Amino acid sequence: GFKLKKAFAGIRYDHEADFIHVGIEQNAQRFFACSVFARKHTAEIVAFTLIKFGLTAALSLAVLYFGTATQDSAANRLLGTAAAELTVLAIFVVARTRQYLKPTIVRSILIDHVRLASPLILSALLGLLNAVIDRKLLEAHHGLGELAGYNLATQALAPIPMLMAAVQLAWAPQLFAITERRTAFSSSLRVMYFSCAAMLGGTLAIYLSLHFALSFGLISADYAHVPGLALLLSAGVIPGALMHLCSNLFLQYERPAAQLLFSLVSLALCWISCIALIPQFAAYGAALASIIANLVSLAGALFLLNRM
């Protein structure tokens, strides 16, 4: 077996503040998405999404330009993004609750909202742990060179979850307007099939683009393995992106605890697989760990949703 102490030897967490900024950003995004989508108002969704995009870009660039005490560009960018998310969230809350503000708090409503939101917040925090384990183990066992190739593959696949986010944004208002669970589930499955086909096409385009870049010297020959690695990694990225549609269904069914359950399953499988596979198979082991964690989580979520 593998010992945790050996697996994590040499790993250092030097940027705790970065994790705090990412946590703020992710949880603000979750709360904002739940609040906006629940209103089922397409124009409002578009308006606040544009505001979010503009403020995120502006504040990130502003913090990068003026800097902070850390003088760390990555930390500054994350700080700007977190500030933008909180600003947009504050604008939305004030705009939508101004006419309903009362000097008293309805405890039952507050408890219901906390009950609904708490599993989603915990799920987002668990996602942060998933995002760091593979890179930390790659650096510890195989060095920065292997980590650089893995990062290039993951960055090349960045448009895939962005495509899924666009589909989710367009589908959510229609989903929350459906009152019958079977109809909501079957309709979401059709959206999944369409999204999966689109992401597979995008993956093929990314694979060919990487080969093109290598052929013309745009990418160093040291990264000749990256196209194949990206292709393998996509088999884990695509199921992970499709889980967002399952998250919408759990939210509509008012079963956010189920989303937290599958986040825990994904985290456990990812960590166990990374610890077992990365020391021997390096970046390919990290890709296989992502496939195992996300495929099992997606299959389990679909099975449970079909039974609800």
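The following paragraphs describe the helical architecture of a predicted model, with attention to helices H7, H8 and H9.

Because the model is predicted, local features are reported where pLDDT is at least 70 and side-chain atom pairs where pLDDT is 80 or more, whereas totals for chains, interfaces and linings use all residues. Residues are numbered from 1 along each chain as its sequence is written, and side-chain values rest on heavy atoms, with hydrogens and water left out.

The secondary structure of the protein chain comprises 9 helices and 0 strands, where helices (H or I, at least four residues) and strands (E, at least two) are DSSP runs numbered from the N terminus. Along the sequence this gives the pattern α-α-α-α-α-α-α-α-α. Of the 308 residues of the protein chain, 40% are classed as buried, a term that denotes under 20% relative accessible area, with exposed meaning over 50% and partly exposed lying in between (1.4 Å probe, protein chains only). Contacts (heavy atoms within 4.5 Å) frequently span long stretches of sequence: among those between residues at least 6 apart, 80% join residues at least 24 apart.

Helix H8 occupies residues 226-252, and its 27 residues reach 39 Å from the first C-alpha to the last, close to the 39 Å expected at 1.5 Å a residue, the expected span being 1.5 Å times one less than the number of residues. The helix nevertheless carries a kink of about 35 degrees centred on Ser-234, the bend at a residue being the angle between axes fitted to the seven residues ending there and the seven starting there. Since 20 of the 27 residues of H8 are buried, this helix is largely enclosed by the rest of the structure. Just after H8, Glu-254 adopts a positive phi of about 60 degrees.

H7 and H8 pack at an angle of about 160 degrees with their axes 10 Å apart, where axes are lines fitted to C-alpha atoms, for helices over the stretch in contact, and angles run from 0 to 180 degrees between N-to-C directions. The two helices H7 and H8 are therefore roughly antiparallel to each other, a description applied to angles over 145 degrees, with those under 35 counted as roughly parallel, 65 to 115 as roughly perpendicular and the rest as oblique. Within H7, Thr-203 is buried, with a relative accessible area of 5%. When residues up to four places away in sequence are not counted, Thr-203 touches Ile-160, Leu-231, Ser-234 and Ile-238; Ser-234 is also the residue on which the kink in H8 is centred.

The loop between helix H6 (159-176) and helix H7 (181-215) contains Ile-178. Although Ile-178 and Gln-252 are 74 residues apart in sequence, their C-alpha atoms are 9.2 Å apart in space. Leaving aside neighbours within four places in sequence, Ile-178 is in contact with Trp-171, Thr-183, Ala-184, Ser-187 and Gln-252.

Helix H9 (residues 256-307) includes Ala-282, which has a positive phi of about 55 degrees although it is not a glycine. Ala-282 is buried, at a relative accessible area of 11%. Ala-293, also placed in helix H9, counts as buried at 2% relative accessibility. Ala-293 and Val-265 are 28 residues apart in sequence and 7.5 Å apart in space, C-alpha to C-alpha. With neighbours within four places in sequence set aside, the contacts of Ala-293 are Ser-266, Leu-269 and Cys-270.
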